[in-house]
Structure formats: C-alpha cells, structure tokens
Amino acid sequence: MSNQAVKMDNQPSLQAPKKIKPSHPKVERWKAFYKQLKKNKMAMAGGAIILFYLILAVAAPVIAPYDPLAIDLGNKLATPSWEHWMGTDDKGRDILSRILYGAQLSLGVGVVSVSIGAFFGIILGLFAGYYGKWIDTFISRFIDVLLAFPGILLALAIISALGPSMINVMIAVGIFSIPTFARIVRGSTLSVKKMEYVDAIRSLGANDFKIIFVHILPNILSPVIVQGTLRLATAILTAAGLSFLGMGAQPPTPEWGAMLSSGRNFLWQAPHLATFPGLAIATIVLGFNLFGDGLRDALDPRLKQ
Amino acid sequence: MNKQDQDVLVVKNLKTHFFTEDKVTKAVDGVDFKVKRGETLGIVGESGCGKSMTSLSIMRLVPSPPGKIVDGEILFKGENLLDKSEEEMRKVRGNEISMIFQEPMTSLNPVYTVGEQIAEAIRIHQNAGKKEAWNKAVDMLKLVGMPSPEKRAKQEPHELSGGMRQRVMIAIALACNPELLIADEPTTALDVTIQAQILDLLKKLQNELGTAIVMITHDLGVVAETCDKVAVMYAGKVVEYTDVDSLFENPKHPYTEGLLNSIPKLDEDVEELQAIRGSVPSPSDLPKGCLFAPRCPYARELCHQSLPDLTEMDGEIKVRCWMHTEEWKREDTPITNDKDQTDSDKGVTLYAAGNS
Amino acid sequence: MFVFIARRIFQMIPVLLGVTLVVFLIMQMVPGDPAVLLAGESASDEQVQQIRSQLGLDEPVVTQYFTYVKNVAQGDLGTSIRTNRPVIDEILTRLPITIELAFWSILVTIVLGLLAGIISATKQYSFSDISLMVVALLGVSLPNFWLGLMLILYFSVKIQIFPVSGWGTFMHVILPALTLGTGGAAIVARMTRSSMLEVIRQDYIRTAKAKGVKERIIVYKHALKNALIPVITVVGLQFGALLGGTVLTETVFAINGIGRLIIDAIRMRDMPVVQGTILVVSIIFVLVNMIVDISYRFLNKRIDLN
C-alpha cells in the first residue's frame with residue numbers, strides 16, 4: 001500500500017512565490033559563492049595573509065629598508081633592533097629586507113610551478129577523462145608512476161639531473177604537481193562527460209577539441225581552483241625545502257629556504273637567522289591552506305561537514 | 001489495578017523544538033497520548049508531521065543541539081522520563097523501552113557480528129557474562145524466526161538481507177524484554193512480502209511477551225493490521241486520537257478523512273484517488289488558526305482565526321477540529337477553500353513516504 | 001579477496017617498471033658523459049672508452065634500459081662513484097636507520113593524529129576542538145625542516161634535554177620523529193575528525209544509543225572502528241610524504257640515513273647512488289601503498305556492500 005504513496009514535495013504550491021528577476025546565472029553563482037566565502041572567517045583570514053604577502057612582494061623595492069644583498073661585515077649577526085627589525089645575518093645583511101624580497105621569490109616560484117603542474121595536469125586529465133580507453137589507461141599509469149615517488153623525491157630526482165637552480169626548482173615542483181591536477185580533472189571530466197548537454201553539443205556538430213576546452217573545462221574549474229590554492233601551499237613548502245637542501249636558490253639569493261639553511265649554522269649565536277624565514281614560510285603556507293579550505297567549502301558545499 | 005497502572009506510557013503536552021540560527025522549528029508542538037499495557041498505538045501522519053521526533057523524544061534521543069524538548073511530560077510507568085538523568089535514561093533505553101528504526105540496512109553496525117550486537121544489549125542491562133549473553137542472543141535470533149541462528153549470529157550485517165536485518169533489530173530491541181517498543185516505520189524500507197512477515201512477527205511477539213508498541217507509520221494499511229489505538233498527527237500536533245475501528249469507519253477530522261480517501265481501495269472502483277490539496281506547512285512557518293485550515297475542504301473563517309483544542313467526543317475519541325464544537329453551529333461564514341481548486345488537484349496522491 | 005590481492009600485485013608491476021624508466025630517463029638527462037665522470041678528469045681516452053664499454057654505455061639506450069632493469073631485478077644497482085662500493089651495500093647500511101626513524105615518526109603521526117581527531121570530533125565546536133584544529137592547520141603549514149630547527153633550538157640548545165644531532169639512543173629519536181611525524185599527524189587529525197563526525201551521524205550509532213550504550217563506549221567501540229577505515233588510506237599516503245621528508249629531517253639532525261645519502265650523492269654527483277636510492281625508496285613506498293590498499297579493501301568490503 002505504501003508503494004502508492006507519492007512524495008508531495010513536487011506538488012504545485014497554491015501560490016507561486018513572486019521572485020525578483022535574477023541576473024545572469026553565472027553572476028548569481030559568484031554572488032552566492034562570495035557570500036559563502038565571506039561567512040568563513042578562517043578563509044577570510046587566509047585571504048588576508050595572502051594579500052598581505054602579495055603587497056609585501058610587490059612593494060619590496062619600495063618598502064625594504066636596505067638592499068637585501070648589501071654586506072655589512074661590521075654589523076653581522078645583529079639581534080633585532082630599531083635599525084634592523086629582524087636583525088642581520090652572518091654577512092650583516094638586513095633580514096627584514098631579505099624576507100621582503102624573498103616573498104617575491106616564494107610567491108613567484110609557487111605560482112609558476114603550480115601553473116606548470118596545472119597546465120599539464122589539466123590537459124592530461126581532460127584527455128584521460130574524455131577519451132577513456134587506452135588513452136586513459138596510459139595517462140593513468142603515467143600518473144601512478146609519478147605518484148610512486150614519495151613526497152619531495154621526484155623533485156629531487158629531477159633536480160639531481162638538471163642541476164640546482166631556481167628555474168629547475170620550478171620545473172621540478174611543477175612536475176611534482178601534475179598528478180594532483182590530472183587526477184582531479186580526470187574525475188570531474190568523467191562526470192561532466194556523462195551529462196546530457198555534452199551529447200547535445202556533440203549532436204550539433206562540435207568537435208572534440210571544442211567540447212573539451214569550451215564546454216567541459218569551464219565546468220570543472222571549481223575543483224581545479226581549490227586544488228590550485230592548496231597546491232600553492234605545498235609548492236611553496238617544497239621549493240623552500242629544496243632550497244634548504246641547497247638544491248634551489250643559492251646564497252646570497254634572499255630565498256627563505258636558503259636563508260634558513262645558512263641560518264642553521266648560527267642557531268647557537270643568533271637563532272633569529274633561522275626563526276624569521278621559517279615563520280615567513282609557515283604563515284604564507286598557512287594563508288594558502290586556510291584560503292584553499294575555505295574555497296572548497298564555498299565552491300563545493302557537499303564536502304563541508 | 002487502577003487506571004494509572006494500566007498506562008505504560010502517558011505523554012502530556014510534549015513539545016520538541018529545533019533551534020537554528022534564525023528560526024525555531026516546532027517539530028512536536030503539544031502532543032498528548034497514552035499507551036496501555038500490551039496495547040499498540042499507531043502514530044500516523046505525513047512526512048514532517050513530527051511523528052519520528054515524538055518517538056525520539058520518548059527515548060530522549062533528539063539530536064541536540066539543535067533539538068530540545070521544551071515542555072511537557074513523558075510518564076513511563078508513572079515516572080517522568082524528562083526528569084531522569086542521562087545515566088538513568090541509559091538504564092531505560094534498550095531495557096524498558098526499546099526502539100526499532102526504519103532503515104535496517106544502515107541501523108546495524110557494519111563492523112560487528114549481529115550476535116555481538118544483540119549480546120551487547122543483554123550485557124549492558126542484565127549483568128550477563130559474555131558466554132551467557134551470546135547464548136541469549138542466539139535464542140533471540142531463534143525467537144525472531146531467523147533460520148540457523150547459531151550460524152547467523154556469527155555473521156556481519158552485510159551478509160544479511162534487509163528483512164533479516166530488521167529481524168536482528170527486533171531481536172536487539174526485545175532482548176531485554178522491554179515493556180514498551182517504539183517501532184519507527186519498521187517496514188517502510190522493506191519489500192511488500194517481507195513487510196507482512198515483519199508485522200506478523202511483531203504481533204506474534206507482542207502476544208507472547210505482552211509488550212506495548214508505539215507504531216510510527218505513514219501507512220494506514222499497517223495501522224489497520226497492527227494497531228488498537230491511533231493518534232493522527234499533523235504539523236506537530238495530534239489532530240485525532242481514536243481507536244482503530246472508528247478511524248476507518250467514522251473518521252472525525254477532515255485530515256483523517258483525506259488520508260483515508262487517498263488510499264486506493266480494492267473493493268471500490270474509483271477512477272481517481274482523492275488528494276488533499278496543498279502540502280504540509282513548514283513547522284517553522286505555521287498558519288495562525290487551525291493548522292489544516294489552508295488545505296481543509298470545510299474550513300470557514302473561524303478555522304483561520306484560531307486553533308481548536310483537542311476535545312473529547314464520545315468515549316476516548318478526541319479530535320482537534322472546530323466542526324465538532326458548539327462554536328461551529330453558530331459559525332455561518334462561507335467555506336473559504338472553494339471546490340474548484342480542490343478538484344484541480346485531484347489525481348495527485350498525497351501522503352508521503354519516508355520518515356519525517 | 002585472493003583475486004583482488006593477485007590483481008593488485010599484478011597492477012604493481014607496470015608501476016614499478018614505470019618508476020625504473022623514469023629514474024633511468026632522468027639519469028639520461030644528466031649533462032656530461034658518465035664515463036668521463038667515472039674515470040676522472042685525468043683519465044685517457046682509452047680508459048674512458050674502456051669504462052664506457054664495460055658499463056654498456058656504448059649500447060643503444062633501449063638496450064641500456066633493459067640491462068638496467070635486469071640488473072635492478074637482480075639487486076644490482078651499480079657502483080658508487082665516490083666509494084667504489086656497490087650501491088646496494090651503501091643503501092643497506094643506511095636503511096635500518098631510516099626505517100627506525102620512519103617507524104617512530106609514523107607512530108607520532110598515528111597516535112597524535114588519532115588522539116587529536118577523536119577529541120575534536122567528540123567535542124565538536126568546543127574550545128578544545130577549535131584549538132586542536134587550528135594547531136592541526138599550523139601543523140600542515142609548518143615546514144618540517146624549520147620545525148626541526150626550532151625543536152633543536154629549544155630542547156637541545158636552550159634547555160638541553162635532547163641531543164642536538166646524531167643517532168644511537170632513544171633520546172636521539174624523539175626530536176626527529178616529532179619533526180617528521182607532525183605534518184602527518186595534523187593531516188590524520190583532520191581526517192579522523194571528519195570521518196568520526198560522519199560516522200557519529202550514522203543510523204547504527206543511533207541504534208547503539210537506543211540500546212543504552214554509554215557515550216564513551218559508543219565513541220571508542222561503535223564509532224572509532226568504522227571511522228578508522230578511511231583514515232588508513234591517509235596514513236598510507238602520509239607514509240610516502242614521510243619517506244620523502246626523511247631527506248630534510250636527516251639533514252637537519254645530521255642522521256646518516258637514506259635521506260642524507262641521497263643529498264650527499266646529489267652534491268657529489270654520485271649518480272648511481274642517487275638513482276639507486278630513489279628507486280629503492282620508491283619501491284618501498286609502492287609496496288606499503290599496496291599493503292594499505294589491500295587492508296583498506298579488506299576492512300571496507302562490508303561497507304561497500306551496504
């Protein structure tokens with residue numbers, strides 16, 4: 001008897017609520033998204049941290065009190081003071097100025113390497129998800145292989161061949177980021193591909209290239225953006241780690257990881273040498289993590305607990 | 001035996017509200033009913049009428065926050081459950097009052113054997129040892145008609161069918177021989193043939209053990225088959241409280257009437273089922289007068305103005321409707337909901353499946 | 001189940017082959033002639049030529065790759081340019097240290113992560129929940145090499161309870177294990193929390209409550225066992241991050257494990273050692289992941305069928 005029961009949720013209600021005419025659905029969606037994001041205090045804090053560092057990085061040449069490379073051996077290992085807010089390093093260079101210029105490097109390396117990873121990852125993921133069959137098998141196996149290298153090791157292997165430099169760090173971290181993007185894009189492509197509108201477009205005569213890049217790609221961007229933000233955190237962390245190991249930026253470049261590495265030798269006499277660059281890395285990474293988490297909650301409420 | 005002793009459960013003016021950011025949802029809003037020893041009370045209503053929340057309130061298992069029992073009394077054998085501490089409540093749950101749920105597929109813990117899950121209830125409440133509890137669990141499986149109970153007890157839920165799992169749930173619920181069993185849509189998720197088996201089993205066990213049952217359902221067929229008394233709920237309130245025969249033969253409340261009209265009857269050749277037009281009002285946005293007035297074919301001005309009380313008619317039958325009051329006779333305003341609208345909605349079935 | 005295990009082992013083969021291929025190709029990208037590097041700057045052309053044919057470097061690349069795979073399969077990872085010892089020996093002398101470090105670190109990851117996650121989940125939105133999750137987010141964001149330095153600064157330099165560096169006693173393990181395990185612990189904590197919150201909402205938890213089970217037992221018996229299943233996968237993945245992290249942690253604490261072997265070899269351009277070590281560590285990771293996958297599948301089968 002209960003089988004005859006029908007949900008009544010779909011019944012036409014007595015009076016249809018009069019709605020204000022909504023603007024373009026895309027605009028509406030972004031408005032809703034922004035409203036969600038604004039509610040998330042953690043995400044806003046993350047965004048503020050990112051913005052803060054962005055400003056510092058851009059304004060570094062203007063606001064840095066000293067030349068980040070200027071050596072002043074008479075004033076080396078100075079503890080923080082009014083002249084040098086974060087003290088000076090073993091060559092008498094101003095640590096605050098180096099941190100400010102370092103923000104340029106860290107953000108730059110992060111953005112470039114994540115862009116490399118996203119570019120190749122998205123293409124691989126789209127192709128694997130859209131074409132399926134042996135192309136999918138091949139790409140998925142390739143991704144599995146890249147993921148088989150634990151953590152930073154893939155980047156290290158690449159650098160060991162290319163030689164230590166900032167450019168190579170970007171390439172290595174970029175390749176290290178490919179699998180994450182490829183996997184997410186592949187999964188989303190698979191689900192979008194099944195939707196009716198893709199069939200409809202195909203029946204209108206669109207070619208694969210157009211379907212993939214014009215119709216599928218824009219629809220899977222939200223997880224890519226979320227992943228990109230979180231991946232920026234990892235990329236900055238990994239790049240700093242590589243420089244710390246001497247595999248990236250070389251002294252005297254004001255790179256935070258490299259600064260930490262040289263500061264390490266003065267942990268006893270002058271702990272501030274290692275403290276400030278580390279704090280800088282930690283806060284900027286925290287910023288991207290907070291913001292990425294917030295984006296995920298706002299763009300994909302299903303994942304929210 | 002006086003009257004008090006016969007009533008296992010007396011619920012008076014129960015109010016369970018949900019408090020969310022910007023609004024209060026009155027899921028249960030002044031519910032009264034009684035259950036006598038060994039008797040079955042059906043609580044009937046559409047999705048969202050508050051029947052499941054009523055049952056969770058009796059168990060004091062309303063998810064909190066956001067839910068809270070804000071008023072009323074739940075007298076179990078004369079003691080108010082709302083006065084009990086959490087510790088005391090635990091001794092009641094699964095021991096004196098048990099509950100079975102709608103979804104047998106998800107109501108059992110996937111990582112423990114069904115035997116362990118039955119034995120756990122026995123060990124908690126009867127101070128039994130591991131071995132003793134296990135043997136009792138196997139006995140319970142036998143009692144609920146599980147074939148080869150020794151073997152089944154060692155299986156995990158995923159190895160059993162939905163009907164089997166519901167039998168396990170019944171075994172857990174009855175393991176400590178409770179005086180009251182609350183069955184929240186126990187057959188809704190099951191195949192039709194299995195539904196009948198489970199209902200027969202419940203009736204059989206009730207006769208053997210003398211358990212009183214509160215049967216929560218949206219299915220009037222289940223009511224006809226199992227219940228002695230019926231409370232019809234609408235938007236958090238009891239609108240009609242009656243015995244099962246009067247319910248089917250002489251429904252008093254227009255809502256009850258509507259429910260009955262919407263069931264297909266095999267012996268009558270009706271082209272279209274009659275639907276109750278409109279839908280259940282949201283518990284957070286209730287109408288001012290009678291809650292059913294906006295959907296009621298008989299509603300007059302009075303109905304939209306104020307909420308009628310649950311008034312006693314003949315015997316134990318109670319109804320919450322102006323039509324059965326003195327005021328109604330004086331009321332001469334026209335019927336507000338005209339017939340055309342009602343007709344236009346014909347053919348759409350009305351009461352909803354699923355829990356509330 | 002056996003079919004699944006067999007299939008999973010079979011699936012591992014192309015991945016392992018792929019790993020050898022990637023390692024091989026990366027080493028092909030190294031500028032300069034490995035034979036010259038091996039023979040030394042002062043070697044004559046004949047000597048270089050001799051080494052070249054000895055190592056099969058004059059063969060086509062494809063043949064070289066197959067020879068490489070064959071050698072690897074037989075446990076021959078080549079010879080260290082620096083010490084002239086077989087690479088496999090270099091690795092085997094260092095591996096126990098890294099395994100010990102990894103063991104204690106993963107213990108830190110699991111114990112701290114689970115504890116924090118459970119406390120957070122059971123007291124959702126409480127002060128301890130919020131502060132634990134903030135700490136967890138910090139834990140994810142801290143560069144572990146910096147954390148290591150700060151731990152040394154406070155516990156070894158300032159209050160001097162732990163040795164600064166080196167290896168040998170249990171006291172030596174504590175700071176490196178904390179350094180290496182914290183990031184994973186933070187991730188496990190976040191995962192445990194969300195998994196627990198998911199499980200606590202399940203119908204069977206309501207059943208347990210309706211049975212009169214105590215809150216504490218509901219959490220530790222009924223919820224935890226279910227909540228841990230997805231956490232296992234995360235722990236497996238964290239093991240990978242942790243293996244990679246040994247490179248940094250061993251550098252910070254001057255521990256002579258595999259991680260430092262890689263770094264020293266890269267600095268010395270001792271390519272056979274770099275190649276061999278990265279390969280071995282990756283194989284360990286692939287194996288661990290396979291075991292994790294199988295156990296996840298084993299534990300999850302009852303849930304899959306629901």
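**View 1. Polar contacts where chain C meets chain B.** In this predicted model, 12 residue pairs, both at pLDDT 80 or more, are in polar contact between chain C and chain B (a pair of N or O atoms within 3.5 Å; within protein, one must be able to donate a hydrogen and the other to accept it, and residues adjacent in sequence count only if both atoms are side-chain atoms). On the chain C side, α9 (203-211), α10 (215-252) and α12 (271-304) are the elements that give two or more residues (helices being DSSP runs of H or I, at least four residues, numbered from the N terminus). By class, that side has seven nonpolar, five polar and 10 charged residues (Asp, Glu, Lys and Arg count as charged; Ala, Val, Leu, Ile, Met, Phe, Trp, Tyr, Cys and Pro as nonpolar; the others, Gly among them, as polar).

**View 2. A salt bridge between Lys221(C) and Glu120(B).** Their side chains meet at 3.4 Å, N to O. The rule (a side-chain nitrogen of Lys or Arg within 4 Å of a carboxyl oxygen of Asp or Glu) finds two salt bridges across this interface.

**View 3. The two domains of chain C.** An automatic or database assignment splits chain C into domain 1 (32-76) and domain 2 (87-299). Their centres, taken over C-alpha atoms, sit 40 Å apart. Four residues of domain 1 are in contact with four of domain 2 (heavy atoms within 4.5 Å), with zero salt bridges across the interface.

Residues are numbered from 1 along each chain as its sequence is written, and chains are lettered from A in the order in which they are written. Local features need pLDDT of at least 70, side-chain atom pairs count only at pLDDT 80 or more, and totals for interfaces use all residues, while side-chain values use heavy atoms, leaving out hydrogens and water.
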